[in-house]
Structures are given as structure tokens and as C-alpha cells.
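Here is a quick tour of a two-chain model, taking the interface, then some helix packing, then a few backbone oddities. Have the structure open as you read.

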Amino acid sequence: MELLLLAVGTIAAGVLGCVAWFWGSNWVLDTILPPRGENAGDNIRRASMIRPWLFLGPAILFLGVYLVYPVVNSFWLSLKNAPSTQFVGADNYLWLVGDSKFRESMVNNFFWLLVVPALSTLFGLIAAQLTDRIRWGNIGKSLIFMPMAISFVGAGVIWKLIYEYREAGEEQIGLLNAFVQWIGGEPQTWLTIQPWNNFFLMIVLVWIQTGFAMVILSAALRGIPEETIEAAVLDGANPWQIFFKIKVPQIMGTIAVVWTTITITVLKVFDIVFVMTNGQWGTQVLANLMYDWMFRGSPDYGRGSAIAIVLMVLVLPIMIWNIRNVRKEMR
Amino acid sequence: MKTTILTSAAMIALTTAAANAQLIFEPGEDDRFNWASYEEFAASHTGMDGQSLQVFGPWLGGDKDLFESVIPYFEEATGIEVEYNGSDSFEQQIVIDSEAGSPPDVAVFPQPGLAADLAAKGSLKPLADDTAAWLAENYAAGEDWAKLVTFAGPDGEEKVYGFPYKADVKSLVWYVPENFEDAGYEVPESYEDLKALTEQIVEDGETPWCIGLGSGGATGWPATDWVEDLMLRMNPPEDYDAWVTNELPFNDPEIVAVIDEFGWFAKNDDFVAGGAGAVSSTDFRDSPKGLFDYPPACYMHRQASFIPTFFPDGMEAGVDGDFFYFPASAEVDLGQPVLGGGTTFSVLTDNEAAMAFIDFLRTPIAHEVWMAQKGFITPHNGVDPEIYGDDTLKRMGQILLDATTFRFDGSDLMPGAIGAGAFWTGMVDFVGGQSAQEAADAIQGTWDTLK
């Protein structure tokens with residue numbers, strides 16, 4: 001009951017606040033620069049220059065407090081020592097370059113970037129094309145999309161159980177080893193086999209992201225004008241040619257958006273690795289490494305922030321490209 | 001309206017219960033208890049009526065209830081009111097609270113390393129000058145305990161800033177006596193015998209050990225306990241101290257040999273249940289279950305005194321699964337080293353009542369009340385071991401009392417990035433195939449960057 005009141009109160013305060021800001025700031029502006037009297041022309045011109053900033057004001061303020069300030073502060077912290085008491089310059093970055101776990105994380109992140117967006121987009125595209133053709137396509141689509149509804153942590157736990165290991169001959173509680181044992185193979189400790197364990201972790205994210213890719217690409221496929229396909233059919237194109245030469249080129253922009261969106265998710269991958277291996281057995285990734293230095297043992301804000309900044313610098317160009325692509329799509 | 005009345009009734013009931021907290025053992029009744037110490041403490045701490053005191057610690061659930069059964073004796077004796085609060089993120093919270101200038105009066109540290117950090121920042125108050133001497137005299141291996149709680153203050157001067165209370169013993173090997181009987185094995189008397197027994201079991205076509213390093217985010221820590229225990233059996237305690245502070249580098253041949261010794265057990269497919277590959281992925285909580293399989297998946301499991309919590313349902317410590325002391329070497333004369341852990345009480349404010357509480361912890365009765373229940377062992381040699389709630393605890397306590405050398409869990413004494421990071425990871429990499437030298441080099445590499 002209290003929660004409900006609080007929620008209603010918050011919404012009311014938010015809406016009323018916005019209205020009050022809109023009305024109040026306009027009123028103030030109009031009082032200071034009245035659109036009448038001898039300076040009416042000048043005043044209107046000046047007021048219309050100020051007005052957009054008044055409306056943007058709150059947004060810029062919150063963006064500053066929640067986005068810009070943390071970035072600047074992280075950068076500042078990354079130049080200081082562990083408890084942030086002393087300025088150490090580029091020491092933390094120099095340490096990064098020499099740290100073997102950082103190098104391992106960079107290599108692993110690189111492979112994640114290579115594998116996950118490619119496979120998710122590919123599987124998504126295939127699923128989108130196939131499910132549009134078959135009768136139970138909608139059921140298939142729901143099944144493929146369902147993992148999207150599971151949190152990354154939940155997915156990590158599920159897949160950790162799938163890879164679970166019991167000694168050979170014992171009853172296997174892990175799906176994968178149960179299968180391996182059933183066909184007469186030797187159960188494996190999947191999550192500790194380097195470097196393949198990295199790919200076993202990637203599968204989890206592919207499993208989650210395929211649904212996302214499928215939904216977006218399926219919409220794009222439906223948006224393709226029928227005429228182009230009919231023309232191709234009349235010209236005697238076979239289904240493969242129609243798909244690769246007519247359909248795919250027309251949705252290339254959407255594919256790029258899907259690809260880059262997943263890429264950004266991948267760069268930030270943390271939960272899956274944290275839950276399943278916590279970066280042990282050579283599976284460390286940047287976000288998890290940052291968490292380790294930031295919060296484990298005696299916290300080292302300097303090094304944690306340095307890794308965070310590296311992560312941000314890596315995400316930035318992809319983010320910019322992604323936003324450009326989305327805008328192009330919208331036009 | 002009705003609910004409000006009921007709630008307030010419940011609240012009143014609760015507060016009255018707290019006000020007249022019961023002394024669970026009536027003073028003077030059971031003569032095994034050292035009631036004289038209680039009377040003496042009460043007589044020497046008068047005129048403190050009405051003062052109050054906040055204690056903050058990591059204990060929740062069962063441990064919290066048990067600690068709160070000790071507190072009333074202090075309250076009754078002094079008239080001081082004590083409020084205990086527990087948190088499972090104690091380590092973060094105590095730093096935040098003391099930096100924010102609102103520390104509790106007394107804090108219970110599970111790791112001396114963290115207390116040392118706070119002492120250096122000036123957040124802790126030094127304890128009475130005679131504390132070190134008192135510990136040396138009244139605790140088994142007391143000088144080791146005193147050294148453990150001696151930290152450098154903000155001025156760099158070394159003083160005693162903590163009072164150890166409630167210990168854990170880690171140098172234990174768990175086994176099923178019935179299985180040992182059936183196979184005709186005897187509890188090994190020396191480290192050499194332990195290794196011989198290991199080989200004997202393999203010869204008989206069985207698997208000697210269950211080792212599991214898995215622990216979620218903390219995967220690898222059980223291996224650090226192994227290495228610390230072996231370190232104390234292969235090298236003098238001074239080297240252990242030097243190792244913990246990195247005066248002796250982690251990749252010194254001495255340490256590498258110890259890591260290799262651990263590899264002798266853990267990296268041999270015949271020696272461990274599931275083979276060496278399973279060691280790092282098996283959860284430490286699942287690991288002891290192999291002892292109780294039929295036929296047994298393994299015969300021995302090295303783990304601290306808390307592990308019976310994770311025995312399969314219906315298995316009782318001391319009956320179905322018992323333990324023996326992880327034996328010391330007969331060839332290298334290093335006495336009876338014991339690896340352990342424990343909590344340390346420190347004072348954070350200038351509250352007179354807080355110091356009185358530390359005084360209280362010196363009395364045998366403060367230990368005996370908890371001992372007589374469960375989950376408590378103490379190195380205090382002024383208590384009657386007969387009071388231990390069960391035989392298992394009593395024997396663990398005896399191991400602590402018999403110790404000629406006591407060393408605290410080394411990974412808890414190292415800097416966090418090593419003890420709760422690089423050391424774990426290094427051990428996982430070592431079991432996963434790296435050589436001891438490579439693993440040690442990597443850990444030392446990280447330590448170098450911390451200096």
C-alpha cells in the first residue's frame with residue numbers, strides 16, 4: 001500500500017514538476033523579456049534563443065550528473081592510487097599494459113567480438129527467413145525469442161548446469177555430459193578446457209541474442225517491397241539467389257544495426273563470465289577484470305577505473321557508428 | 001487498527017524480552033564454569049550502569065544468536081547495555097562507517113589484514129598496554145596470537161589493536177572411521193605416514209583424496225589453505241611470516257617447492273577423486289560428500305573445522321565423519337604447527353564501555369558460555385576443556401592448545417589483491433596445468449605491481 005502511494009506520488013510529482021517547469025520557466029522568461037512594449041522585437045528574438053535551452057536544461061543536467069560526471073570522475077580516479085589519496089599519473093595504465101590478465105582479457109574480448117555478433121546475426125537471419133515460411137513459424141519464433149526474457153545471470157546459471165561435470169560412470173546431472181556419456185564418450189569438465197571454455201561461454205550469449213536479431217531482421221525482411229522479389233522470380237532467380245542477392249542487400253542497414261548493437265553488448269559482457277567461471281581458467285574479460293580490481297579484496301579504485309576507461313574507449317567508436325546507422329535507418 | 005494493536009503488543013513483548021535477556025547458564029549453578037572469573041569481573045567493573053555500547057560484526061544467523069547469548073553476562077555484570085549488529089558485507093561497511101566518522105564502538109574483524117589497514121589510518125584505538133603480555137601468557141601459542149594483532153598505528157608505532165576471540169582450526173583431515181577400519185588403514189602419525197598412506201590407498205586400487213577448489217567467485221581458496229598448511233610443515237614459521245609480507249618472494253624456490261608439494265596431491269589423477277581435471281571445478285561444498293559414498297569415492301579430505309556443515313544429510317561430525325590433525329613432519333623438526341583463522345575484536349571509539357568489553361573477553365566465562373554450546377573453539381588456556389558442547393569441538397580445541405606454532409590463514413594476511421585474487425587464480429592455473437614456477441611468478445608479478 002505504501003509502495004503504491006509512493007509510486008503514485010512519484011509519478012504525480014514528476015508530471016507536475018515537468019508542467020511546473022514548462023509553465024514556470026516560460027513565465028519567468030516572458031516576465032523578464034516581455035513580448036510587448038518598445039523592445040518587443042528584440043525581446044522575442046532573445047527569448048526564442050533562450051527558450052530551447054530552458055526546455056533542454058533538465059535533460060542536460062541529468063545527463064551531466066549521471067553520465068558525464070561519472071566518466072570524468074572515473075578518468076580522474078584512474079590517475080590516482082588504490083585508495084585515491086595520491087596522484088600517480090599514468091601508472092595505472094602502464095600497469096595495464098604489462099599485466100598478463102589484462103592481455104588475456106583483451107584477447108578474450110576480441111574473440112567474443114568476433115564470434116558472438118557474427119553467429120547471433122547469422123542465426124537470427126536464418127531463423128527470421130525460415131520462420132516466415134513455415135506454418136508453426138510463430139511458435140518457433142517464440143521459442144527462439146524466449147531466452148531474451150532471461151537475465152544474463154539466470155542464463156549463466158542454467159548453462160553452468162548444462163556443463164556440469166560428474167566423474168565418468170556416475171550419473172551425470174549436466175545435460176551435455178549426460179549426452180556425451182550416453183553416446184559412449186568420456187565426460188569432460190567443459191568450463192576448464194582452455195581455450196575452448198571461452199567458446200562454451202560465448203554460446204550462452206549467442207543463445208540469448210539470436211532471438212533479438214531474429215525479431216529485428218524478421219521485421220526488416222517483411223518490409224522488403226514485394227515487387228523486387230516478384231521481379232526476381234519472373235527473371236527466374238532461385239530461392240538462394242532471391243535471398244542473398246535481393247533480400248539481404250536490401251536489409252543490409254538493419255543487419256549492421258543488429259550487428260553493432262550486439263557488439264556493444266558483447267564488449268560489456270560481465271554477468272555470464274562472472275557467474276560461470278569468474279574469469280578463471282583463462283576466461284577473463286575486461287568488465288569482469290574491472291570488477292575484480294574495483295571490489296575484491298582491498299579495493300583498488302585506480303586500476304579498476306583505468307580498466308573502465310579502456311572499456312569505454314573501446315565501446316565509443318562502435319557506439320557512434322551504431323547511432324549513425326540507426327539514424328540512417330529511420331530516415 | 002487491529003493489526004496495529006497486535007504489532008505494538010508484539011513489540012512490547014520483544015522489548016521486554018530483550019531487556020531481561022536470560023543468562024542461559026545460571027551463574028553459580030554448573031561448577032564446571034569459572035564463575036569466580038565472572039564475579040571478579042563484575043566486582044572490578046562497577047559504576048558503569050546505564051552506559052551503552054555498539055558492537056558490529058560479520059556474524060549473522062546462528063553465530064549471531066550464540067554471540068548474543070554471551071552478551072547478557074557482560075550486561076548483567078556491568079549494567080552496560082550492548083547492541084550487536086551483524087552484516088554479511090561487514091568488510092565494506094566497516095570501512096565506510098569509520099571513514100564517514102560514525103564507527104561502532106567495537107568491531108569484530110574476520111581478517112586481521114583489514115583491521116591492520118584501519119589501524120594504519122588511525123581508526124582503531126590501541127588496547128591496554130598489557131594485552132600482548134596477557135595473550136602470551138593466557139593463549140596457547142600466545143606470542144603468535146599477540147603478534148597477529150600487533151599493528152602499526154598512524155604514527156608507525158606498533159601497538160596491540162585487536163583482541164583475538166573465537167578461533168577456527170584449519171589443519172584438519174576429515175575421514176570416515178568406518179572406511180578406514182574396513183580397509184585396515186590407520187590414522188597417520190606424521191606427514192610422511194600421510195603420504196605413504198596416500199600411496200597405499202592407490203595401490204589398493206582406491207582413491208585417497210577428495211579435493212575441490214570451486215567456490216564461485218572465490219574459486220581457488222581451498223588450495224591456498226593447502227599451500228599454507230604445507231608451508232608450515234616444510235619451512236620454519238619465520239619463513240611463513242616473511243612469505244606473507246613478501247619479504248620472501250612468492251617465486252622463491254622454497255615456496256615453489258611447497259606449491260609443487262600440493263601438486264603431488266592435487267595434480268595426480270590417481271590421487272584425487274575425479275582426476276586432477278576435476279579438482280578446480282568441483283565445488284568445495286560438494287567435495288567432502290565423496291567420503292560418504294558407497295564405495296567411497298575417496299578416503300580423506302583436508303578442510304577447516306566448519307566443513308561438517310556441508311556433510312550429506314544425516315551425517316554427523318565426530319560419528320560418521322571424523323577428523324585427525326594434518327600431521328607434522330617427522331623428518332623436519334618444526335613441532336606441531338597449526339593453521340587457523342579467527343575473529344579479532346577492536347575498539348573504534350573513546351567509549352569507556354568498549355574497553356570494559358575487551359576486558360570481559362579476557363575472562364574464561366566469556367569463552368565458556370559459547371564453548372558450552374556449539375561452533376566455538378578457543379586458545380584460552382584458562383578454560384576447562386570439559387565444557388565444550390561436544391567431543392568434536394573439544395578435540396579441535398585440544399589441537400589448538402597443543403599447537404607449538406600457530407599461524408593465521410596467510411591469504412587473509414596478504415594484501416587483498418593477492419590473498420583474495422592472484423593467489424586463488426594462480427592456484428587454479430597451477431592445478432590446470434601451469435608449472436609451480438609459472439604460477440608463482442605470476443603471483444609475484446602482481447605483488448610487484450602493488451608496491
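A salt bridge here means a side-chain nitrogen of Lys or Arg within 4 Å of a carboxyl oxygen of Asp or Glu. By that yardstick, the count between chain B and chain A is zero. Keep in mind that this is a predicted model, and side-chain atom pairs count only at pLDDT 80 or more.

The two chains do touch, though: 22 residues of chain B are in contact with 15 residues of chain A. Together they bury about 1,600 Å², and carbon and sulfur atoms give 49% of that area.

Now for chain B itself and two of its helix pairs. Two packed helices are described by the angle between their axes and the distance between the axes. Here is how the pairs look:

| Helix pair | Angle between axes | Axis distance |
|---|---|---|
| H10(B) (221–234) and H11(B) (237–244) | about 140° | 8 Å |
| H3(B) (61–78) and H15(B) (364–371) | roughly 140° | within 9 Å |

Take H10(B) and H11(B), with their angle of about 140°. That value makes H10(B) oblique to H11(B), and the crossing is right-handed. On the H10(B) side, the contact is made by B:Val227, B:Glu228, B:Met231 and B:Leu232, which meet B:Asp239, B:Tyr240 and B:Trp243 of H11(B). Sorted by class, that contact has five nonpolar residues, two charged ones and no polar ones.

Then there are H3(B) and H15(B), which cross at roughly 140°. H3(B) is therefore oblique to H15(B), and H3(B) passes H15(B) in a right-handed crossing. From H3(B) come B:Asp63, B:Leu66, B:Phe67, B:Ser69, B:Val70 and B:Tyr73, while H15(B) offers B:Ala366, B:Val369 and B:Trp370. This contact divides into seven nonpolar residues, one polar and one charged.

Finally, the backbone. Most residues other than glycine have a negative phi, and most peptide bonds are trans. Which bond leading into A:Pro195 is cis? The one from A:Gln194, with omega near -5°. A:Pro195 sits in the loop between helix H7 (175–182) and helix H8 (196–222) of chain A. Chain B has a cis bond too, from B:Tyr294 to B:Pro295, with omega near -5°. Its proline, B:Pro295, is found in the loop between helix H13 (276–279) and strand S8 (300–302) of chain B.

Back in chain A, A:Asn278 is not a glycine, yet its phi is positive, at about 50°. Look for A:Asn278 in the loop between helix H12 (271–276) and helix H13 (286–295) of chain A.

Terms used
Residues numbered from 1 in each chain as written. Chains lettered and ligands numbered in written order. Predicted model: local features only at pLDDT ≥ 70, side-chain atom pairs only at ≥ 80, totals over all residues. Heavy atoms only, no water. Axes fitted to C-alpha atoms, helices over the stretch in contact; angles between N-to-C directions. Helix = DSSP H or I, 4+ residues; strand = E, 2+ residues; numbered from the N terminus. Parallel < 35°, antiparallel > 145°, perpendicular 65-115°, else oblique. Left-handed = near helix turned anticlockwise from the far one by under 90°. Contact = heavy atoms within 4.5 Å. Nonpolar A, V, L, I, M, F, W, Y, C, P; charged D, E, K, R; others polar. Buried area = accessible area lost by both parts, 1.4 Å probe.
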